[in-house]
Amino acid sequence: MRVLQRFYLIEVMSGVALTAAHFFRNMSGHVRHSLGQKGARGAVTIQYPEERRPYSPRLRSLHRLVQREDGSPRCVACMMCETVCPAHCIYIVATEHPNPEIEKMPARFDIDVGKCVFCGYCVEACPEDAIRMDTGILEFASYSRRGMVYTKEALLALQPAGPDGRPQSTIPIPADREP
Amino acid sequence: MSALADVGIVFGRVAFAMLFVVNVAAILGWVERKQSAIMQDRIGANRASIFGFRVLGLFHPIADAIKMLTKEDFMPARADRFLFQLAPFVSVFFGLVAFASIPFGDTLRVAGREIPLQAVTLNVGVLYVFAMLSLGVYGVMMAGWSSANNYALLGGQRAAALMISAEIAIGASIMGVVMWYGSLDLMDIVRGQGALLFGWIPKWGIVTQPLAFVIFVTAGIAATKRIPFDMPEGESEIIGYFIEYSGMKFGMFLMSDLVETTVIAGLTTSLFLGGWQVPYLVAEGFLFPWGAALPLPHLLVVLLQVGAFIVKVSAMIFFLMLVRWTLPRFRYDQAMRLGWLGLFPLSILNIVLTGLVLLLWGGRA
């Protein structure tokens with residue numbers, strides 16, 4: 001230790017000066033922000049539920065099923081995603097589509113998000129561009145394993161995220177939780 | 001009628017001092033959270049709200065109080081029932097009464113009466129404050145002993161050891177101030193700081209006794225038992241003397257730390273920062289060293305003085321918080337060494353130096 005450091009007092013003063021400089025710089029940022037200067041910030045905090053960090057467009061978030069123009073799923077129940085899924089979290093039951101030009105459609109399309117590893121292979125594998133992971137929704141905690149299973153209806157209702165990455169559709173509340 | 005007025009005046013003086021400490025200590029919890037947050041580039045607690053109004057998180061102290069009052073009041077089976085109940089009250093009581101002899105303004109003259117703005121006029125004010133501050137550690141020791149918990153006992157022991165090593169340095173460091181201003185009465189000491197050195201520097205304690213100021217503030221921080229001198233609590237090792245306490249009794253221990261911070265800030269203000277003195281403000285108004293004068297009515301002068309006292313105490317509290325949120329904590333042996341081998345000899349040296357200066361420059365210069 002240097003002699004000055006042994007006295008401690010000077011080191012204390014320099015430390016206090018550093019934190020005090022932070023205090024006054026941040027305080028002026030807070031004051032200018034509250035006076036209407038929106039660019040001024042006093043803290044690096046992002047106040048999460050109201051504010052979100054801008055997400056990358058490549059983010060793989062909660063899945064959604066793309067709709068046709070008539071509102072039915074674009075999915076043709078070819079089982080490609082179910083086959084490619086490394087976590088076996090997709091469960092499809094196929095049925096006939098009323099339109100004879102379209103061979104099949106899913107009667108059930110369940111994704112167990114609790115098993116999903118968010119690899120995005122299902123999106124890559126889909127020949128119909130029927131499943132996407134662009135909702136921007138990352139909040140899907142639930143109290144039970146049952147609550148992690150998203151059905152066809154829930155997945156069809158989801159909208160893609162906005163240009164800033166914010167989720168457009170409301171975050172689905174799992175079945176085991178009261179709204 | 002006159003007797004009634006006298007009682008009312010005494011009541012008012014005590015109420016001001018008492019409510020000042022209690023309210024400042026209550027709001028210090030919020031100040032501490034916010035100040036530390038702003039120092040660390042954060043925002044700090046701001047979620048408690050009433051009808052959607054958050055008011056910068058000012059409801060958090062209220063929320064904390066409600067939480068603590070409604071929590072289970074637990075007592076260990078083998079605890080000493082009486083001492084365990086008594087300890088938090090002792091701890092917070094002596095912190096609160098210590099503020100009584102700190103003057104918050106000069107004599108107020110209203111309707112032919114002279115009211116000293118001080119809760120209790122004591123000619124041994126300095127000794128009284130230190131007696132009360134030292135007695136406060138009994139609550140901590142009681143808590144440590146009566147909890148029937150080894151860690152609590154360890155915390156209480158450490159608090160006692162820390163208090164002794166800090167109090168000695170505090171007592172010895174203010175001897176220089178007492179020698180310089182020639183009184184143990186805090187009011188007299190503050191009055192003495194109104195004089196001017198070389199005709200233009202206010203003769204505050206920090207100017208006349210800089211070494212004592214450093215020693216006093218360091219030992220004062222130790223006396224508040226907060227970081228960097230938090231070995232009675234020792235969050236990372238023993239969790240301290242209040243380990244068995246819960247609910248509002250735990251809250252009272254937390255509050256007594258903040259009350260002591262307020263008292264130390266008030267004492268530092270009175271002894272070293274000129275107390276209620278505003279530079280160049282005398283009883284008739286401003287009298288600047290370059291000859292200009294600005295006469296002011298008596299009430300305004302008193303109001304300015306009380307305001308100056310509050311501003312100085314706030315600034316001192318800000319500084320104490322700044323230190324608390326800047327420095328890492330001392331180890332137990334480091335704190336002991338600092339107290340006994342650093343601060344204590346330095347304060348003795350300060351007494352000797354002050355005596356020499358007074359001897360050479362003749363009387364109270």
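The legends below describe close-up views of a predicted model with chains A and B.

**Figure 1. Overall view of the predicted model and its confidence scores.** The model as a whole scores ipTM 0.85 and pTM 0.86. Within it, chain B averages a pLDDT of 88, and 99% of the residues of that chain score at least 70.

**Figure 2. Chain A, with five helices and five strands.** Followed along the sequence, the elements of chain A come in the pattern α-α-β-α-β-β-α-β-β-α. The radius of gyration of chain A is 25 Å, whereas the globule rule gives 16 Å for 179 residues; the value for the chain is well over that figure, so chain A is more spread out than a compact globule. Taken along the principal axes, the box filled by the C-alpha atoms of chain A is roughly 85 × 40 × 35 Å.

**Figure 3. The open, antiparallel sheet of chain A.** Three strands make up this sheet, and their order across it is β2-β3-β5. At the edges lie β2 (90-96) and β5 (149-150) of chain A, each of which pairs on one side only. On one side of the sheet, β2(A) and β3(A) run antiparallel and are joined by seven bridges, and in this part of the sheet Thr95(A) stands opposite Met105(A) of β3(A). Strand β3 of chain A, which covers residues 104-112, is also joined to β5(A) by two bridges, again with the strands running antiparallel. Here Ile111(A) stands opposite Tyr150(A) in β5(A), while Asp112(A) has Val149(A) of β5(A) as its bridge partner.

**Figure 4. The loop of chain A that holds His88(A).** This loop lies between α3 (80-84) and β2 of chain A. His88(A) is not a glycine, and yet its phi is positive, at about 50°. The strand that follows the loop, β2 (90-96) of chain A, is one of the edge strands of the sheet in Figure 3.

**Figure 5. Chain B, with eleven helices and seven strands.** For chain B the radius of gyration is 22 Å, close to the 21 Å that the globule rule gives for 365 residues, so chain B is as compact as a globular protein of that length. The C-alpha atoms of chain B fill a box of roughly 70 × 55 × 50 Å when this is taken along the principal axes.

**Figure 6. The crossing of helices α1 and α9 in chain B.** Two packed helices are described by the angle between their axes and the distance between the axes. The axis of α1(B) and that of α9(B), the helix of residues 247-272, come within 9 Å and cross at roughly 115°, and the crossing is right-handed. From α1(B), the residues Val21(B), Val24(B), Ala25(B), Leu28(B) and Gly29(B) meet Met255(B), Leu258(B), Val259(B), Thr261(B) and Thr262(B) of α9(B). By class, this contact has seven nonpolar and three polar residues, and no charged residues.

**Figure 7. The cis peptide bond before Pro228(B).** The bond that runs from Ile227(B) to Pro228(B) is cis, and its omega is near 10°. Pro228(B) has its place in the loop between α8 (210-223) and α9 of chain B, and α9(B) is the helix whose axis crosses that of α1(B) in Figure 6.

**Figure 8. The open, antiparallel sheet of chain B with strands β5, β6 and β7.** The three strands are arranged in the order β5-β6-β7. The edge strands, each pairing on one side only, are β5 (281-282) and β7 (293-295) of chain B. Two bridges join β5(B) to β6 of chain B, residues 285-287, and these two strands run antiparallel. Leu281(B) has Phe286(B) in β6(B) as its bridge partner.

**Figure 9. The contact between chains A and B.** Twelve residues of chain B are in contact with 14 residues of chain A. On the side of chain B that touches chain A, α1 (2-39) and α10 (298-324) of chain B each supply at least two residues, and the largest share, three residues, comes from α1(B). Sorted by class, this side of chain B has eight nonpolar, two polar and two charged residues.

Terms used. Residues are numbered from 1 along each chain as its sequence is written. Chains are lettered from A and ligands numbered from 1 in the order in which they are written. This is a predicted model: local features need pLDDT of at least 70, side-chain atom pairs count only at pLDDT 80 or more; totals for chains, interfaces and linings use all residues. Two strands pair if DSSP finds at least two bridges between them. Helices (H or I, at least four residues) and strands (E, at least two) are DSSP runs, numbered from the N terminus. Two residues are in contact if their C-beta atoms, placed from the backbone, lie within 7 Å. Ala, Val, Leu, Ile, Met, Phe, Trp, Tyr, Cys and Pro count as nonpolar, Asp, Glu, Lys and Arg as charged, and the others, Gly among them, as polar. Axes are lines fitted to C-alpha atoms, for helices over the stretch in contact, and angles run from 0 to 180 degrees between N-to-C directions. A crossing is left-handed if the near helix is turned anticlockwise from the far one by less than a right angle, and right-handed if clockwise. pLDDT is the predictor's confidence in each residue, from 0 to 100. The radius of gyration is taken over C-alpha atoms; the globule rule is 2.2 Å times the number of residues to the power 0.38.
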